[in-house]
Amino acid sequence: MKMLLLGIWTLLALISCPGSTKELFQVSVHPDQALVEFGHSLTINCSTTCPDPGPSGIDTFLKKTQLSKGSQWKEFLLEDITESSVLQCFFSCAGVQKDTALAITMYRPPEQVIVDLQPEWVAMDEAFTVSCHVPSVAPLQSLTLTLLQGDQELHRKDFLSLTLVSQRAEVTVNARAHRENDRHNFSCRAELDLSPYGGGLFHGSSATKELRIFEFSQNPQIWVPSLLEAGKAETVSCEVTRVFPAQEAVFRMFLEDQELSPFSSWKEDAAWASATIQAMETGDRELTCLVSLGPVEQKTRKPVYVYSFPPPVLEIEDAYPLAGTDVNVTCSGHELTSPSPTLRLQGSLNLSAPGEPAWLLFTAREEDDGRTLSCEASLEVKGQRLVKTTQSQIHVLYKPRFQESGCPGNQIWVEGMDQMLACIPEGNPTPALVCVWNGMIFDLDVPQKVTQNHTGTYCCTATNPLGSVSKDIAVVVQGLPEGISSSTIFIIIIFTLGMAVITIALYLNYQPCQRNSRKRTHRQKEQSKSEESQFSDIQIEECHAHLC
């Protein structure tokens, strides 16, 4: 009842005072708070309580279009909003104008967040900078930037105290490089909080940037001989110390313009590389080692000298001479050797002049078989004396013969024992040996169980391509006396084994001569093989004639 009476009283007051309506009219705008994304449009409505309004509209620098209107309202479209502004909505009523303001907040989410490392490779204990910026974001007062090292927050910055319109949305941190920072990742997170304007929370993140720490203050060291022989493979190496991370050091090696193929290794704070070098051109050359790590590159050069020094040439007129014939030997320098070397021939009494060959002439003797001849060349290069040697053997050929030491003429066998005929002939090429006993060829390779029947004379003939010789061997078989002691048998066995060892040793002593003479006597050996069967039959006849 009280409220009804109050309304009637107010209405009577207005009727009695017409001028008060003009003064009490209101102007309003909808929406009363505007948040618009960059480049988008906004529809607003301006209205008034004046029953008969006069001129009205909106005041703004934004592009506007009136959409519709009524007696007490107007609707406008604001297009392509690219910045925040304040709009004025006004109406006049009975000559009195009133207006109201609308704050339009333009926002741009942090779509692009950029983190930067300067430099990305940092020398140990040097300073570096981590920065983050957002090229296009609004409003700055609602932005917070956070720098992250891995998952840990490094620095946070907001822009609430923004005073300069031109201030950029960025944050920067300066730091000093330590080894433990190597390969740490840095990133940036941006947050735009529009909740005070009735909006939401926008997030943006940068890609990660990896920080590299290095130490590389020492020059590489090259290890290579000062002299290189042309055509000879040589190993060269390059090493660098106090380098981090050593495993990432990259080596490149060059001989003049020729790039080598190094193989790299590392351990702790040292790295090295090795390569095989084979220089072909003589003269002064330069070896280069180039090591790079991150943005740093170190280079070292070392001079080398390439020389040509093939082994000397040893020429033997006849490497398989007959005993009693002359052998002519020449020692000369190789044609590719420069300068000419000094030569020395083993056995020659005179030292030849530089560049002159050395000579030796001697008569081959049986004891010269297997003799090694040596040709030595010496050359001085850059103050260093170099020596090369060439060796060769001669093989003196001579007829077969029997020596009592290798083929005893009298041999005693013990009945019941296993025995072999002990006979090794001498000669070069190694003679073939055939022994005949009781008109049959005796097996010299298989031990025989001795009986009294083995007593007799064995006729042995040695033959090589240069001739043949025969010898009779008398074998006496002794029986075991009654009561003979085991120690006596043991002594006999030891004696027999000793003879066998001596025989084998003498045989092996002549084996090298047989191998070395194969090339020279191949044709004679082939002929002797074809005649071997005939020789066995003839040998039996010769032994019969010899015994008679």
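Which residues have the most contacts inside the largest nonpolar core? Select Phe 128, Leu 143, Leu 145 and Leu 147: these have the most contacts inside that core, which has 28 residues. The model is a predicted one, so colour by confidence can wait until the last stop.

**The largest core**

Next, select the elements that give two or more residues to this core: strand 9 (114–118), strand 11 (127–133), strand 12 (143–149), strand 14 (170–176), strand 15 (184–193) and strand 17 (209–216). Strand 15 gives the most, with four residues. A second core lies apart from this one; it has 26 residues, among them Ile 222, Val 243, Ala 275 and Val 304.

Go back to Leu 147 and show its surroundings. Leaving aside residues up to four places away in sequence, Leu 147 touches, among others, Val 115, Val 130, Val 171 and Val 173. Its contacts also include Gln 152, Glu 153 and His 155, as well as both Cys 132 and Cys 188. Those two cysteines lead to the next stop.

**Three disulfides**

The structure holds seven disulfides; three are visited here.

Select Cys 132 and Cys 188, which are joined by a disulfide with an S to S distance of 1.9 Å. Cys 132 is in strand 11 and Cys 188 in strand 15, 56 residues apart, so to speak of distant parts of the chain being linked is fair. The link is left-handed, with -80° about the S-S bond. Cys 132 counts as buried at 1% relative accessibility, and Cys 188 counts as buried at 2%.

Move to Cys 238 and Cys 289, another disulfide, with S to S at 1.9 Å. This pair also links distant parts of the chain: Cys 238 sits in strand 20 (residues 234–241) and Cys 289 in strand 26 (residues 283–293), 51 residues apart. The torsion about the S-S bond is about -90°, so this disulfide is left-handed. Cys 238 is buried, with a relative accessible area of 0%, and Cys 289 counts as buried at 0%.

Now select Cys 407 and Cys 423, whose sulfur atoms are 2.1 Å apart in a disulfide. With -90° about the S-S bond, this link is left-handed. Cys 407 lies in the loop between strand 34 (398–401) and strand 35, and Cys 423 in the loop between strand 36 (418–419) and strand 37 (426–428), so the pair ties together parts that are 16 residues apart in sequence. Cys 407 counts as buried at 0% relative accessibility; Cys 423 is buried, with a relative accessible area of 5%.

**The five-stranded sheet**

Strand 35 opens the next selection. Five strands form an open sheet with mixed pairing, in the order 35-42-41-38-39. Strand 35 (410–414) and strand 39 (440–441) are the edge strands, each pairing on one side only.

Select strand 41 (residues 456–464) and strand 42 (residues 467–478), which pair in the antiparallel sense over nine bridges. They form a hairpin with two residues between them. Across this pairing, Thr 457 stands opposite Ala 474, and Cys 460 stands opposite Lys 471.

Add strand 38 (residues 432–437), which runs antiparallel to strand 41 and is joined to it by five bridges. Here Cys 435 has Cys 460 of strand 41 as its bridge partner.

**Confidence**

Finally, colour by pLDDT. The protein chain averages 84, and 82% of the residues score at least 70. Select residues 510–536: pLDDT stays under 50 there, and the model has 28 contacts beyond four places in sequence for this stretch. Residues 544–548 also stay under 50, with four such contacts.

Technical notes
Residues are numbered from 1 along each chain as its sequence is written. This is a predicted model: local features need pLDDT of at least 70, side-chain atom pairs count only at pLDDT 80 or more; totals for chains, interfaces and linings use all residues. Side-chain values use heavy atoms; hydrogens and water are left out. Two strands pair if DSSP finds at least two bridges between them. pLDDT is the predictor's confidence in each residue, from 0 to 100. Contact means heavy atoms within 4.5 Å. A nonpolar core is a set of buried Ala, Val, Leu, Ile, Met, Phe, Trp, Tyr and Cys residues joined through side-chain atoms within 4.5 Å. Buried means under 20% relative accessible area, exposed over 50%, partly exposed in between (1.4 Å probe, protein chains only). A disulfide is a pair of cysteine sulfur atoms within 2.5 Å.
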